[in-house]
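Colleague: I'm new to reading protein–DNA models. Could you walk me through one, feature by feature?

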There are 2 protein chains.
Amino acid sequence: MTHPLLPMAGEPAPERADAARNREAILAAALHLVRTRGVGCVTMDTVAAEAGVGKGTLFRRFESREGLMAAVLNESETAWQASVISGPPPLGPGAPPLERLLAFGHSRLRTNVTHAALIKAATGTSAARSRAAASFAVMHVRHLLGELGVGGDLLLLAIAVLAPLDVVVVEQQQADDISLERIEAGWDDLVRRVVGG
Amino acid sequence: MTHPLLPMAGEPAPERADAARNREAILAAALHLVRTRGVGCVTMDTVAAEAGVGKGTLFRRFESREGLMAAVLNESETAWQASVISGPPPLGPGAPPLERLLAFGHSRLRTNVTHAALIKAATGTSAARSRAAASFAVMHVRHLLGELGVGGDLLLLAIAVLAPLDVVVVEQQQADDISLERIEAGWDDLVRRVVGG
DNA sequence: AGGCTAAACGGACCACGGTCCGCTTCTATT
DNA sequence: AATAGAAGCGGACCGTGGTCCGTTTAGCCT
């Protein structure tokens, strides 16, 4: 008796062909429905129907509604991350650190506003995927703060600088009739104070 | 033919006796259940049953589950606000502004951690009641920043300073094994940079 | 007291997220 | 090609938040 596929710990387990096909179909269906109807009107049953699969399949591939939305969001998010890592300055590398930091904040702010609904749908309890996105931003800001010669607990400082850009914080401000320009200016001010300009 | 209660605009409309009684009963039941079972295990049906009213009554008095939780939270929140406004220093008046500000942050941080579950249940889309609570904090910080002679857009600065204390931000940090002491120290650092120490 | 009206009540009902488990299909092995 | 068994599938089912509307009741007026 031989072990057909002796399961060594840590093996990623390959994906079956039909599973991959379904994952594609689901993601495509979700993306389409989100684009046409808006996030709020997309139910799991609808996505399942549109993708031509059972509901159970949705929940096996993507853990929850939140997980599915996170996967949809990922499409645009990775593109954004790429432009931060290797795009043109001042967002990408090549500009002085302070300029990069400010550009980063502005870009993040705009992104959060435009994708607000989707981000909120993808962020919540747990949210493994969005954890990664947030982590990327923190790492980047921490790095830029370091380049700027800021001392102290850079991780905490990065988190603090990022916090006011959070979707719900920004939405609250917009609800209070605070313009985007003012929010942006306020954040610039905060950053300058933190880096000690 | 006389208008029994001619409805002038802005009249608050008095509350019927049974309505008041039910409101009390619901709030008491909710508070009790939250205390004994924890927020997550309290369903609207359960509260309705415990209070001896129909489910519809719950939703008429308190707009949603979120609204009910906000009402429950209010009990402790108002007490906290009172201690900020008129309690002993350094949280209350009497201490120098910077000390007050730091004390305020620490107190808010602790409160957010201890009541995390309830606050998250009470905060979300809409959340008229929690809007007020957040507003109070912003106003207070804005005031203290003013006393400290900080220039610029104080409202935005206050929001920015408060943002890192938000429940979900703090929980995320705790999930990353960052201790409360470190969070507190990080926040102190942020504040000192903002006020220009 | 009796009657009238608006407010309040309550529980049947609905939609949606999430689970479960018996059935199907893929793939590795011979 | 046949086979075994794991991986995947799907849709009936459940709990919960939220709505709706026929019925009840409090409060005022005579």
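Modeller: Sure, let's start with one contact. A backbone N or O atom of Met44(B) lies 3.0 Å from a phosphate oxygen of DNA strand D. That fits the idea of a polar contact: a pair of N or O atoms within 3.5 Å, where within protein one must be able to donate a hydrogen and the other to accept it, and residues adjacent in sequence count only if both atoms are side-chain atoms.

Colleague: Before we go on, what should I know about the model itself?

Modeller: It's a predicted model, where local features need pLDDT of at least 70, side-chain atom pairs count only at pLDDT 80 or more, and totals for chains, interfaces and linings use all residues. Residues are numbered from 1 along each chain as its sequence is written, chains are lettered from A and ligands numbered from 1 in the order in which they are written, and side-chain values use heavy atoms, with hydrogens and water left out.

Colleague: Which residues come nearest to DNA strand D?

Modeller: A residue is near a strand if one of its heavy atoms lies within 4 Å of it. Here 21 residues surround DNA strand D, and Arg16(A), Asn22(A), Arg60(A), Lys55(B) and Arg65(B) come nearest. Of the atoms of DNA strand D that come within 4 Å of the protein, sugar and phosphate make up 62%. An N or O atom in the side chain of Arg60(A) sits 3.3 Å from a phosphate oxygen of that strand, and a polar backbone atom of Asp18(A) is 3.4 Å from a phosphate oxygen.

Colleague: Which helix gives the most to the surface near DNA strand D?

Modeller: Helices are DSSP runs (H or I, at least four residues), numbered from the N terminus. Helix 3 of chain A gives the most, with five residues.

Colleague: And what touches the bases of DNA strand C?

Modeller: A polar side-chain atom of Arg16(B) is 2.9 Å from a base nitrogen of DNA strand C, and a backbone N or O atom of Gly56(B) is 3.2 Å from a base oxygen. Thr57(B) goes to the backbone of the DNA instead: a polar atom of its side chain lies 3.2 Å from a phosphate oxygen of DNA strand C. On this strand, helix 3 of chain B gives the most to the nearby surface, with five residues.

Colleague: How do I read the place where the two protein chains meet?

Modeller: Start with contact, meaning heavy atoms within 4.5 Å. The meeting of the chains takes 26 residues from chain B and 26 residues from chain A. Next comes buried area, the accessible area (1.4 Å probe) that two parts lose on being put together, summed over both. Chain B and chain A bury about 2,200 Å², with 63% of it on carbon and sulfur atoms.

Colleague: How many salt bridges are there between chain B and chain A?

Modeller: A salt bridge is a side-chain nitrogen of Lys or Arg within 4 Å of a carboxyl oxygen of Asp or Glu. There are two between these chains, including one that joins Asp153(B) and Arg182(A) (2.7 Å, N to O). On the side of chain B that touches chain A, helix 10 of chain B has the largest share, seven residues.

Colleague: Last one: is Ser107(B) buried or exposed?

Modeller: Buried means under 20% relative accessible area, exposed over 50%, and partly exposed in between (1.4 Å probe, protein chains only). Ser107(B) has 16% relative accessibility, so Ser107(B) counts as buried. Ser107(B) is in helix 5 (residues 97-114) of chain B and, leaving aside neighbours within four places in sequence, is in contact with Trp80(B) and Leu91(B).

Note on methods: Helices (H or I, at least four residues) and strands (E, at least two) are DSSP runs, numbered from the N terminus.
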